[in-house]
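Student: I am new to this structure and would like a close look at a single part of it, the nonpolar core and what lies around it. Please take me through it slowly, and explain each term as you go.

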Amino acid sequence: MNIVITGAPGSGKGTFSNRIKDVYNLEHISTGDIFRENISKQTPLGVEAKKYMDEGHLVPDELVDRMVLATLDTLPEGKDGYLLDGYPRTLEQAQAFDRMTQGTSLHADKILYLDVPHEVLTKRIIGRRTCPDCGEIYNIYFKPAKQEGTCDACGAALTARADDNPESFATRLHEYDDLTQPVIRFYEDQNKVSVINANQGFDEIWNEIVRALQA
Ligand code: AMP
């Protein structure tokens, strides 16, 4: 099964992707993570993407499309599909991706849309902390680490993402509304979208996701 997970920044894509990929044996492909990895290794892709990301802007479509296809081309064996997180994020990306994967085993089967009101998103993002070593995600308001600043799972020092500040978040949310809502409508026309109410407890959200994936 090939799944696209979408939602505004702070809607829980990262948290639920971690669970979905394990339970459904999917290769998790997060375009944001790939860019961050390239930035930390200072690759040419990273240097180019950083200019946009630091200001909260989207990286140009052409750069992202190429990167996603290259990643899908080298999917590891033994997985039951992919979980694409953070892509497609514009109508042009969705159309390009649909065209490029049409009639192949890489075509998207389901789109999970994590729906959360804007005011909740802001608090989630400003409080977000991530473990750079094991990827565990925390929030100083909603899911604090047992010892502040330290990962419960592996003991590494937690970090805040460079783009999780109020100014860049406002830009990302605005850009999300303008650019990504048309992606959801594009997939709604194909009857592939499941809207998940992601403004409830973890277990309730998870149950909705499981029901959507079983449908
Ligand atoms: P994320 O971790 O998904 O919130 O992505 C972080 C940042 O990476 C975004 O704000 C964009 O600058 C960039 N990015 C990730 N995915 C895409 C995409 N599909 N299209 C354009 N930019 C992206």
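**The core and its surroundings**

Tutor: The largest nonpolar core has 51 residues, and those with the most contacts inside it are I20, Y82, L84, F97, L112, Y187 and I209. Such a core is a set of buried Ala, Val, Leu, Ile, Met, Phe, Trp, Tyr and Cys residues joined through side-chain atoms within 4.5 Å, where buried means under 20% relative accessible area, exposed over 50%, and partly exposed in between, with a 1.4 Å probe and protein chains only. Helix α7 (residues 166-188) gives the most to this core, with seven residues; helices (H or I, at least four residues) and strands (E, at least two) are DSSP runs numbered from the N terminus. Apart from the largest core lies another one, of six residues, among them C131, Y138, A145 and C151.

Before going further, please keep in mind that this is a predicted model, in which local features need pLDDT of at least 70 and side-chain atom pairs count only at pLDDT 80 or more, while totals for chains, interfaces and linings use all residues. Residues are numbered from 1 along each chain as its sequence is written, and side-chain values use heavy atoms, with hydrogens and water left out.

Take I20 from the core: leaving out residues up to four places away in sequence, I20 touches I3, I5, N25, L26, L83, L112, W206, I209 and L213, contact meaning heavy atoms within 4.5 Å.

Two other core residues, Y82 and L84, belong to strand β3 (residues 82-85), from which they point one way while L83 and D85 point the other way, and all of these are buried. Strand β1 (residues 3-7) runs parallel to β3 and is joined to it by three bridges, with V4 standing opposite L84; two strands pair if DSSP finds at least two bridges between them. Strand β2 also runs parallel to β3, through four bridges, and there I29 is the residue opposite L84.

Strand β2 (residues 27-30) includes S30, which counts as buried because its relative accessibility is 8%. Beyond its neighbours within four places in sequence, S30 is in contact with R36 and D85, and its side chain reaches the backbone nitrogen of D33 at 3.0 Å. This last pair is a polar contact, that is, a pair of N or O atoms within 3.5 Å; within protein, one must be able to donate a hydrogen and the other to accept it, and residues adjacent in sequence count only if both atoms are side-chain atoms.

We can now turn to the ligand. Helix α2 (residues 31-40) supplies the largest share of the shell around the ligand, four residues. In total 16 residues surround the ligand, the closest being T31, H57, G86, R89 and Q93, and a residue is counted as near if one of its heavy atoms lies within 4 Å. Nitrogen atoms of the ligand lie 2.7 Å from a polar side-chain atom of T31, 2.9 Å from a polar backbone atom of V59 and 2.9 Å from a polar side-chain atom of Q93. Taken alone the ligand exposes 480 Å², of which the protein buries 97%, with accessible areas coming from the Shrake-Rupley method with a 1.4 Å probe, and for residues only the protein chains shown counting as cover.
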